[in-house]
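Student: I would like a close look at one part of this model. Please pick a single loop residue, work outward from it, and then connect it to the rest of the assembly.

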Amino acid sequence: MNEKKGRYGSYGGQYIPETLIPAVQELEREYEKYKNDADFKRELNDLLTKYAGRPSLLYYAEKMTKDLGGAKIYLKREDLNHTGSHKINNVLGQVLLAKKMGKTRVIAETGAGQHGVATATAAALMDMECEIFMGKEDTDRQVLNCYRMELLGAKVHPVTTGTMTLKDAVNETMREWASRMDDTLYVLGSVMGPHPFPMIVRDFQKVIGEEIKVQLMEAEGKLPDAVIACVGGGSNAMGAFYEFIPDTSVRLIGCEAAGLGVDNPKNAATIANGSVGIFHGMKSLFCQDEYGQIAPVYSISAGLDYPGIGPEHANLYETGRAQYVPITDEEAVDAFEYLSRTEGIIPAIESAHAVAYARKLAPTMDKDRIIVVNISGRGDKDVAAIARYRGVQIFE
Amino acid sequence: MSRIKKAFDNKKAFIGFVTGGDPDLETTQELIPKMAEAGADLIEIGIPFSDPIAEGVVIQAADERALSSGTTTDKLFDMVKRVRGKTDIPLVFMTYMNPIYTYGTEKFTKKCAECGIDGIIVPDVPFEEKDEISGACNEAGIELISMIAPTSNERISMIAKEAQGFLYCVSSLGVTGVRSKITTNISAMVKQVKAVSDIPCAIGFGIATPEQAKEMASCSDGAIVGSAIEKIIAQYGKECVKPVCNYVSKMKAAVVSAQ
């Protein structure tokens, strides 16, 4: 893997306009300078432990394990982090880096609002100006998260171009960055986009897998047999997988949003339905038509509602190191309810995609086997949408 | 001498951009030869893309109109072939890497050559990634147009040395679109280019008025105008040919006066 050129096999790269190239090169240079800097590492570690609440728990889901009657199930509780998801790991790193770089303003895209809220939080803490770009469809669906970001001092721009969802929010944030980069850093929310973003976001998220390894070693004295995580752009999955890539006995399983089904046009399953393309700064897999027009995608989960996947995932898929499975809305909602009732943990609807696959896999494995499921976020934000899915008319 | 070089031969060039298929392919087909007659020296034809990240709102809307009128890359190739029968003006495709890659990069550049396209501008393929397409362009005899931006600074000579056709000098930060003022020191940018290469430099992004066109052309080899033309197309739809050509004549005169 040639990290210098930002390539993961044939995937990755820096396919962005010339105007932005000096900005990503500056980011790469500064990141390489700070990532091993003792002060930077100490400050980030302080933020993660004293502000975000790391390490997050690795919880043995005994009732779920007994109910499914197969492999032992552990849940990595990223939902317990400050702001309620794994997104905080990355934004604390990137906003601290922005500060070190002398930037005074951060901008970010958001889908459901998790990354936007996390970015606004870090910006408030570190005294940065913050502007969030969010598709108009999503600002309408996630009114509460918009208010939350404003409460934290951020300005939210509803994006009215294209399909008015996450991909359009990314387009608009890139356009904004191209018009103002002197004082501004784009805090990208997933392991996607042009190099160095996939690498930086993965590095700030890999703490998830590192903790899993240590915590499971303490609890069980061995490696897990499988690590399961949901995949949109793929940051929580990359964070959970990365530490285990060299441990080939550990199966790495990403769960994609299949929406109404992989055979139905309303899905966001990039690995199942996508093909190789070049978009949003990277060569990777995308849902697109025969002429390379990016397809509108759909999932009940706004966080997985993205037509592409990070380049390192595309490579893990191509090399066979990780496998990717589609999970439908219906399966995810079932798992959302199942985990709530069985363990008293309401997972994010994104994370419920991973829980859904664990329910299928665990019964096929022996009782001495171990599955770790990454609960990437908490589900409070989804309760109203799930109620509506079940025919109960609750609005935020 | 290549058709593109000829556009700059002993003169300042006026370059017009139209999104192919906006409002429909028939209109574009009629528009291109008429723009040539009205004085355009080179025409960029945008292949519409669902997510044009370097474009401002005007060309984004043009792309949406073109796509919803059923424009595809194949239909555009057919249209260009028909246009090529009527005019000898240099024609350049402007699009993003994904439509090219998905079509098959080599198949795409070969098809360009067959239809009489002279060059390609791909805003999301910077110098560092140009291997993605430069081999196929050279093979097919299509010139790959490079871009420099106000942020390029020390990158300019590296880019200029390998540039083909003409160099697209981006006048301002941000995306395409009409601007009231262009604040970048364009003369300094062009000087840096000319120090290492005699490639023609054309300025684009933000130019809308004859005054701006004259000013930009006076410190370079030509002016590129896209959004201002697309605004006229948006306003007049299928009836846009005459107003666009009137505009092109005015702009061409402004560029010539900068000689």
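Tutor: Start at A:Ile345, in the loop between H14 and H15 of chain A. The model is predicted, and everything below is computed from it.

Is A:Ile345 buried or exposed? A:Ile345 has a relative accessible area of 6%. The cut-off for buried is under 20%, so A:Ile345 counts as buried. What does A:Ile345 touch, once neighbours within four places in sequence are set aside? The contacts are A:Tyr59, A:Leu75, A:Arg77, A:Asp79, A:Leu339 and A:Ser340. For a sense of distance, take A:Thr160. A:Thr160 and A:Ile345 are 185 residues apart along the chain, and their C-alpha atoms are separated by 35 Å.

Now go to one of those contacts, A:Leu339. This residue sits in helix H14 (residues 329-343) of chain A. Its relative accessible area is 0%, so A:Leu339 is buried. Leaving out residues up to four places away in sequence, A:Leu339 touches A:Met64, A:Leu75, A:Gly344, A:Ile345, A:Pro347, A:Val355 and A:Ile375. A:Leu75 appears in this list and is also in contact with A:Ile345. A:Lys63 is 276 residues from A:Leu339 in sequence, yet the two C-alpha atoms are 9.8 Å apart.

A:Val355 leads on to the next helix. A:Val355 touches A:Leu339 and is one of the buried residues of H15(A). Helix H15 of chain A covers residues 349-361. Does its length fit? What span should its 13 residues give at 1.5 Å a residue? The expected span is 18 Å, and the end C-alpha atoms lie 19 Å apart, so the two agree. How many of the 13 residues of H15(A) are buried? Eleven are, and the helix is mostly covered. The buried set includes nonpolar residues such as A:Ile349, A:Ala352 and A:Leu361. A:Glu350, A:Ser351 and A:His353 are buried too.

Next, a buried polar residue elsewhere in chain A. A:Gln94 belongs to helix H4 (residues 87-100). A:Gln94 counts as buried because its relative accessibility is 1%. Where does its side chain reach? It reaches the backbone oxygen of A:Leu188, at 2.9 Å. Beyond its sequence neighbours within four places, A:Gln94 is in contact with A:Leu185, A:Tyr186, A:Val187, A:Leu188, A:Phe197, A:Ile200, A:Val201 and A:Phe204.

A backbone feature belongs here as well. A:His195 and A:Pro196 are joined by a cis peptide bond, with omega about 10°. A:Pro196 is in the loop between strand S8 (184-186) and helix H9 (197-205) of chain A. Chain B has a cis peptide bond between B:Asp22 and B:Pro23, with omega about -5°.

Now the nonpolar cores. The largest has 73 residues, and B:Phe93 and B:Ile120 have the most contacts inside it. Helix H12 (residues 241-257) of chain B gives this core its largest share, eight residues. Apart from it lies another core, of 65 residues, among them A:Ile16, A:Leu96, A:Ala98 and A:Met128. In general, nonpolar side chains in soluble globular proteins tend to be buried together. Back in chain B, the contacts of B:Phe93 beyond four places in sequence include B:Ile45, B:Phe77, B:Cys112 and B:Ile120.

Finally, the contact between the chains. It takes 34 residues from chain A and 38 residues from chain B. The buried area is about 2900 Å², and carbon and sulfur atoms give 53% of that. A:Glu18, A:Arg175 and A:Tyr291 supply 26% of the area that chain A buries against chain B, more than any other three residues. A:Glu18 also forms a salt bridge with B:Arg155, with the closest N and O atoms 2.9 Å apart. Between chain A and chain B there are four salt bridges. The polar contacts number 24 residue pairs, both residues being at pLDDT 80 or more. On chain A, the elements that give two or more residues to the side touching chain B are strand S2 (11-15), helix H1 (21-34), helix H8 (166-179) and strand S11 (275-279). H8(A) gives the most, with eight residues.

One last stop is the loop between strand S7 (155-159) and H8 of chain A, where A:Met164 lies. A:Met164 has a positive phi of about 60° although it is not a glycine. With a relative accessible area of 28%, A:Met164 is partly exposed.

How values were computed. Residues numbered from 1 in each chain as written. Chains lettered and ligands numbered in written order. Predicted model: local features only at pLDDT ≥ 70, side-chain atom pairs only at ≥ 80, totals over all residues. Heavy atoms only, no water. Helix = DSSP H or I, 4+ residues; strand = E, 2+ residues; numbered from the N terminus. Buried < 20%, exposed > 50% of the residue type's maximum accessible area, 1.4 Å probe, protein only. Polar contact = N/O pair within 3.5 Å; in protein donor to acceptor, adjacent residues only side chain to side chain. Contact = heavy atoms within 4.5 Å. Core = buried A, V, L, I, M, F, W, Y, C linked by side-chain atoms within 4.5 Å. Expected span 1.5 Å × (residues − 1). Buried area = accessible area lost by both parts, 1.4 Å probe. Salt bridge = Lys/Arg side-chain N within 4 Å of Asp/Glu carboxyl O.
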